[in-house]
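Visitor: Could you take me on a close look at one part of this model, the place where the two chains meet? I would enjoy a connected account rather than a list.

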Amino acid sequence: MATGLQATSPLSESSTLALGEINKYDFRTDSPAVFKASKGLSAEIVSQISEMKKEPAWMRDFRLKSLDIFNAKPMPHWGGDIAIDFQNIYYYLKPADHQGKTWDDVPSEIKKTFERLGIPEAERKYLSGVKAQFESEVVYGSLQEDLVKKGVIFTDTDTAVREYPDLVRDYFATIIPPADNKFAALNSAVWSGGSFIYVPKGVKIEFPLQAYFRINAENMGQFERTLIIVDEGAQVHYVEGCTAPMYSTESLHSAVVEIVVKKHARCRYTTIQNWANNIYNLVTKRAVAREGAVMEWIDGNLGSRLTMKYPSVYMVEPGARGEILSIAFSSAGQHQDAGAKLVHAAPNTSGRIVSKSISKNGGRSSYRGLVRVEPGARKSRSSVVCEALILDDISRSDTYPYIEIEEQDVTIGHEASVSKIGEEQLFYLKSRGLSEAEASTMIVSGFIEPLVKELPMEYAVEMNRLIELQMEGSVG
Amino acid sequence: MEKLVISGLHVAVGGLEILKGVDIEIGRGEIHALMGPNGSGKSTLGYAIMGHPSYEVTAGTIELVDADGTRHNVLEMEADQRARAGIFLAFQRPMSIPGVRLADFLRHAVTNVRNPDRKEGHELLPMREFRSELKAKMSELEMDSDFARRYVNDGFSGGEMKRAEILQLAMLRPRFAVLDETDSGLDADAVRLASQSIAKIGGSDMGVMGILIITHHEQLLEHNIPHRTHVMLGGRIVESGGPELANELHKRGYERIRTAYPEAAADEQAMTAPAHGSLATAT
Ligand SMILES: Nc1ncnc2c1ncn2[C@@H]1O[C@H](COP(=O)(O)OP(=O)(O)OP(=O)(O)O)[C@@H](O)[C@H]1O
Ligand SMILES: [Mg+2]
């Protein structure tokens with residue numbers, strides 16, 4: 001019966017390209033803060049954040065120690081140019097005095113913001129639970145009742161420190177210690193918000209849990225901290241979306257995400273990052289996969305001024321699997337330094353990295369990746385495919401693939417290619433009545449199709465829509 | 001009668017002149033055959049008609065003439081505008097577009113061509129309507145309906161590509177079509193089917209087509225008897241005649257033509273020589 005028409009057309013069904021849509025994310029919310037720490041970074045500010053949150057001493061000490069590490073560490077010597085004035089940033093802004101359990105509990109302007117972003121609607125239609133973070137705090141949280149009954153925990157990390165201190169202490173900062181890199185240290189010092197998820201043994205969560213991160217204020221720093229523990233045989237798909245209005249000065253988003261996937265469990269973590277072009281997005285994401293576990297990162301980077309992010313999977317027990325699918329789109333004034341890291345630290349582990357980048361209007365995309373096989377990780381297999389598409393002569397793409405193999409008995413494959421959007425392809429599509437803009441959007445959608453089709457339908461549609469928006473400025 | 005009128009057309013690629021004054025007038029409803037040895041400039045004419053940016057028209061005109069005599073300058077139009085004005089080119093070598101499904105691509109194409117003023121983002125043809133039309137056309141062309149799910153020309157066999165071109169012709173229903181070796185790569189049965197289908201698409205239901213068939217063979221013409229047959233040599237149309245001319249060329253080759261038109265034959269020599277004279281002196 002089927003004539004082969006998929007729901008996820010590469011171009012949208014209707015008038016989603018109408019003007020005005022471009023600015024869908026670029027609006028400011030006028031909602032007074034409950035508390036705003038003064039600008040800049042110091043031990044006082046760090047202690048103040050800890051105090052505001054009524055944290056136990058161990059956490060305050062952890063923060064202060066992390067601040068010292070941050071101060072001592074040099075800037076990363078790879079990636080892009082980081083021109084952040086750390087003293088010109090607000091590190092903590094509390095938007096509401098408590099977290100809403102219903103949307104009506106959320107201050108009305110903030111609630112309207114998330115309505116404009118379509119979160120309550122998505123929640124009703126296809127999500128198991130939602131967290132909405134505005135500036136430094138999670139202002140709304142929900143989780144389906146049956147999952148609560150099964151013992152699933154989905155809360156913000158601040159609440160988790162208070163309510164599940166043992167669970168948090170067992171894992172917090174064990175996967176990404178503050179000394180890992182300068183921005184992990186910064187996050188460890190001033191972190192606020194983020195998701196804490198615990199999925200008990202054997203519980204499979206059917207629909208995604210979603211977090212939405214919104215930066216609203218100018219010169220804001222958002223430092224969420226996420227910790228996900230998927231117990232044996234359990235399964236979860238977590239999705240995060242990120243947006244902000246555009247300002248002329250820079251803001252900073254620097255998250256730390258730690259994940260533990262236990263024996264035969266599965267975790268999929270999908271990011272669709274569409275930050276405004278004034279935001280530095282410097283994020284550390286790492287997962288540990290135990291015996292037979294599967295960890296998948298799907299990392300879509302469309303926004304930000306500079307993103308440096310290399311989601312990692314450490315396969316520490318036999319049979320673990322790690323997959324990282326990465327899409328980067330950079331346009332004028334953007335540098336996406338994105339990539340992936342797979343560490344094979346046990347026999348029979350397998351991994352796959354697929355990276356696709358698109359550069360246009362002078363944008364710059366870099367793939368930076370590492371596949372490491374440790375001694376003894378026999379019969380491990382990894383493949384890396386990275387493809388770059390450059391849409392014009394002023395844009396740039398670079399590939400930095402690192403491979404470190406300390407074991408003989410392994411199979412590692414690597415393919416990389418860079419191509420220009422073909423004049424012949426454009427002409428072919430135009431000869432069938434497609435405008436230049438439609439034709440290049442279609443070629444770009446086709447280019448990322450193999451990755452987009454891995455997404456659940458709603459996110460595939462969203463991803464295609466964002467690509468169209470990014471493409472809009474490119475022609476005419 | 002509506003016409004596609006090409007007069008005195010000169011076309012250069014990368015500064016090198018390929019077409020050296022081509023005149024053809026194709027009425028809507030007429031079939032013209034274009035033959036000629038390899039490299040004589042047949043595909044170049046097709047590209048120039050469709051508006052390929054690398055094929056520069058250095059002299060001459062291409063016009064669409066309405067039934068009431070109104071003339072439209074085709075050379076001012078981009079390729080997509082030409083498509084929307086009812087011009088179609090079946091490519092000798094179609095391009096593959098990985099990741100783009102034939103059905104999705106065709107839905108956009110058909111929508112634009114049928115609503116020439118459509119802007120990006122405006123409604124597409126309703127899915128249900130499009131789907132059933134596509135299905136019907138595919139079954140007429142004896143194509144498996146799963147084919148529409150495949151990525152455009154990606155990994156298609158030579159024959160599959162040509163079938164896909166005919167499918168596009170059938171869906172887009174242009175006023176004027178250039179079919180550039182649409183028979184090459186097809187097996188004997190498929191050529192017969194293609195010949196029948198083209199006759200049906202071109203002569204039937206939705207208003208007739210004017211067709212320029214570029215071919216090295218006769219079979220495609222079996223159901224599409226040409227009103228005129230043209231012979232191209234060295235970038236010029238040197239002789240035109242009836243269907244019997246196609247027959248003769250097919251049987252006897254181009255020797256008589258080369259002898260009869262020594263100037264064009266000399267141009268042919270120059271064009272296919274290893275080093276193009278004009279390039280050698282260009283700097
Ligand atoms: N894009 C191009 N770049 C360089 N040369 C070209 C290009 N297109 C055509 N030519 C040259 O122009 C001449 C005519 O080519 P064209 O493809 O039009 O021939 P044809 O008659 O279609 O031949 P065939 O029967 O082999 O398809 C050839 O010498 C060819 O090499
Ligand atoms: Mg040809």
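Guide: Happy to. Let us start with what counts as touching: here, contact means heavy atoms within 4.5 Å. One caution before we go in is that this is a predicted model. With that cut-off, the contact draws 49 residues from chain B and 36 residues from chain A.

Next comes the area. The size of an interface is often given as the accessible area lost when the parts come together. For chain B and chain A, the buried area is about 3,700 Å², and 59% of it lies on carbon and sulfur atoms.

You will probably want the polar side of the picture too. Between chain B and chain A there are 17 residue pairs in polar contact, with both residues at pLDDT 80 or more. The count of salt bridges between chain B and chain A is five. One of these joins the side chains of R101(B) and E449(A), with 3.4 Å from N to O.

Which elements of chain B supply this surface? Those giving two or more residues to the side that touches chain A include the helices α1 (42-50), α2 (79-84), α4 (127-140) and α5 (158-172) of chain B. Strands appear in that list as well, among them β6 (87-90), β7 (97-101) and β8 (151-152) of chain B. The most comes from α3(B), which gives eight residues to the side of chain B that touches chain A. Sorted by class, the residues on this side of chain B are 25 nonpolar, eleven polar and 13 charged.

While we are at α1 (42-50) of chain B, which is on that list of contributors to the interface, a short detour to ligand 1 is worthwhile. The largest share of the shell around ligand 1 also comes from α1(B), with three residues. The shell has 15 residues, and those that come nearest are G39(B), K42(B), S43(B), T44(B) and Y55(B). By class, the shell around ligand 1 divides into five nonpolar, eight polar and two charged residues.

Some individual distances fill in the detail. In the side chain of Y55(B), an N or O atom is 2.7 Å from a nitrogen atom of ligand 1. A polar backbone atom of S40(B) is 3.2 Å from an oxygen atom of ligand 1. For E181(B), an N or O atom of the side chain is 3.4 Å from an oxygen atom of ligand 1. Taken alone, ligand 1 exposes 630 Å², of which the protein buries 67%.

Terms used
Residues are numbered from 1 along each chain as its sequence is written. Chains are lettered from A and ligands numbered from 1 in the order in which they are written. This is a predicted model: local features need pLDDT of at least 70, side-chain atom pairs count only at pLDDT 80 or more; totals for chains, interfaces and linings use all residues. Side-chain values use heavy atoms; hydrogens and water are left out. Buried area is the accessible area (1.4 Å probe) that two parts lose on being put together, summed over both. A salt bridge is a side-chain nitrogen of Lys or Arg within 4 Å of a carboxyl oxygen of Asp or Glu. A polar contact is a pair of N or O atoms within 3.5 Å; within protein, one must be able to donate a hydrogen and the other to accept it, and residues adjacent in sequence count only if both atoms are side-chain atoms. Helices (H or I, at least four residues) and strands (E, at least two) are DSSP runs, numbered from the N terminus. Ala, Val, Leu, Ile, Met, Phe, Trp, Tyr, Cys and Pro count as nonpolar, Asp, Glu, Lys and Arg as charged, and the others, Gly among them, as polar. A residue is near a molecule or strand if one of its heavy atoms lies within 4 Å of it. Accessible areas come from the Shrake-Rupley method with a 1.4 Å probe; for residues, only the protein chains shown count as cover.
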